[in-house]
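The following exercises introduce a protein structure to a reader who has not met it before. Each task is followed by a solution that proceeds step by step.

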Amino acid sequence: MIRITLIAFALLTLASLTCGAFPAEPPKGDATILHGRITDEAGHPISGVRVQLYNGIATRWQGQSTTSDEDGRYRFDPLQTGGGRQGVLAPGMQIFDARYASADGKTWWDVEVPIGHDAEHNFTLIRGGTIHGTLTFGAGDWTLRDFDVRIMSTDKKRTAYAKTGPRGEFTTDALLPGEYTVQANDSRMDYPEIARMTVEPGKVASFKARCLFSMKVERLE
């Protein structure tokens with residue numbers, strides 16, 4: 001009799017610990033949803049903003065994507081992107097638009113949505129500006145295509161990325177007004193500076209640059 005009582009007590013203790021450590025499974029049929037609204041500082045909706053979600057933690061790769069509607073709303077229903085702790089989806093988020101940038105100065109957000117529930121994440125945007133660059137090399141008439149560029153604010157709080165096209169050109173999405181450094185996105189070269197630009201609301205800051213490359217050769221035989 002004592003042995004049965006001890007076993008029952010142990011099972012009850014284990015059950016209570018388990019309930020505290022892991023979230024309960026959601027009822028079947030309940031979807032995990034991430035939604036929100038994108039507006040300007042006056043509360044007016046902004047349509048056509050692309051919302052991109054990412055999987056992974058250290059290494060990121062693209063997942064679901066959508067755009068805000070006429071009322072500035074976006075919705076992932078069901079949410080299928082993100083990884084994290086048991087019982088939670090934790091996608092990374094970015095927004096892309098040629099007109100507006102996030103008023104909080106961020107370019108990346110990590111959110112957590114309990115499985116079987118819905119979470120709301122709203123954005124407030126302000127009018128931004130863009131950087132347009134043309135990169136060449138050699139004598140200056142060879143276009144530098146498929147070249148990765150990093151754009152960093154001088155206070156190093158905001159970072160954006162771009163890649164040149166067939167004509168050596170790139171254009172960023174909207175950036176918060178301020179001072180930026182355009183760099184070659186290559187850690188092996190310690191991100192060499194290409195240009196310094198001032199971004200103003202509603203304007204395009206343009207530049208052309210010729211990139212110089214050197215090659216060091218070591219004879220092995």
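**Exercise 1. A sheet and its edges**

In which sense do strand 2 (residues 50-55) and strand 3 pair, and over how many bridges?

Solution. The model under study is a predicted one. Strand 2 and strand 3 run antiparallel to each other, and five bridges connect them. Within this pair, Arg50 is placed opposite Thr67 of strand 3. The next step is to set the pair in its sheet, which is open and has four strands in the order 3-2-6-8, paired in the antiparallel sense. Strand 3 (61-67) and strand 8 (109-110) form the edges, each pairing on one side only.

**Exercise 2. An open sheet with the order 15-14-17-18**

Determine which strands of this open sheet stand at its edges, and explain why one side of each lacks a neighbour.

Solution. Begin with the order: four strands, 15-14-17-18, make up an open sheet with antiparallel pairing. Strand 15 (159-163) and strand 18 (193-199) are at the edges; each has a single partner strand, and therefore one side of each has no neighbour in the sheet. On average, neighbouring strands here are turned by 25 degrees against each other, direction ignored. Now consider one pair: strand 17 (residues 178-184) joins strand 18 through six bridges in the antiparallel sense. In that pair, Val182 faces Ala195 of strand 18.

**Exercise 3. The nonpolar cores**

Identify the residues of the largest nonpolar core that touch the most other members, and the strand that gives the most to this core.

Solution. The largest core has 24 residues, and those touching the most other members are Ile131, Leu135, Ile151, Phe170, Val182 and Phe207. At least two residues each come from strand 12 (130-137), strand 14 (148-153), strand 15, strand 17, strand 18 and strand 19 (204-211). Of these, strand 19 contributes the most, namely four residues. A second core, separate from this one, has 19 residues, including Leu34, Tyr74, Met93 and Ala119. To follow one member of the largest core further, take Leu135: beyond its neighbours within four places in sequence, its contacts include Trp142, Phe147, Ile194 and Phe207.

**Exercise 4. Thr130**

Is Thr130 buried or exposed?

Solution. Thr130 belongs to strand 12. The cut-off for a buried residue is a relative accessible area under 20%. Thr130 has a relative accessibility of 7%, so it counts as buried. Among the residues it touches, leaving out those up to four places away in sequence, are Ala98, Thr171, Asp173, Val199 and Ala205.

**Exercise 5. The largest pocket**

Which residues lie nearest the centre of the largest pocket?

Solution. The largest pocket holds about 410 Å³ of space. Its lining consists of 25 residues, with Ile95, Thr107, Ala160, Asp173 and Ala174 nearest the centre. Strand 6 (92-96), strand 7 (100-102) and strand 15 each give two or more residues to the lining. Strand 15 gives the most, with four residues.

**Exercise 6. Backbone exceptions**

Locate the cis peptide bond between Asp77 and Pro78, and describe the backbone of Lys156 and Tyr191.

Solution. Most residues other than glycine have a negative phi, and most peptide bonds are trans. The bond joining Asp77 and Pro78 is cis, with omega about 5 degrees; Pro78 sits in the loop between strand 4 (73-76) and strand 5 (88-89). Lys156 has a positive phi, near 65 degrees, and lies in the loop between strand 14 and strand 15. Tyr191 also has a positive phi, near 50 degrees, and belongs to the loop between strand 17 and strand 18. Lys156 is exposed, at 65% relative accessible area, whereas Tyr191 is partly exposed, at 27%.

Conventions:
Residues are numbered from 1 along each chain as its sequence is written. This is a predicted model: local features need pLDDT of at least 70, side-chain atom pairs count only at pLDDT 80 or more; totals for chains, interfaces and linings use all residues. Side-chain values use heavy atoms; hydrogens and water are left out. Two strands pair if DSSP finds at least two bridges between them. Axes are lines fitted to C-alpha atoms, for helices over the stretch in contact, and angles run from 0 to 180 degrees between N-to-C directions. A nonpolar core is a set of buried Ala, Val, Leu, Ile, Met, Phe, Trp, Tyr and Cys residues joined through side-chain atoms within 4.5 Å. Buried means under 20% relative accessible area, exposed over 50%, partly exposed in between (1.4 Å probe, protein chains only). Contact means heavy atoms within 4.5 Å. On a 1 Å grid over the protein atoms alone, a cavity is a set of points where a 1.4 Å probe fits but cannot get out, and a pocket is an open set with protein on both sides within 12 Å along at least five of seven lines; lining residues have an atom within 4 Å of a point. Grid points are joined across faces, edges and corners, and a volume is the space filled by probe spheres set on the points.
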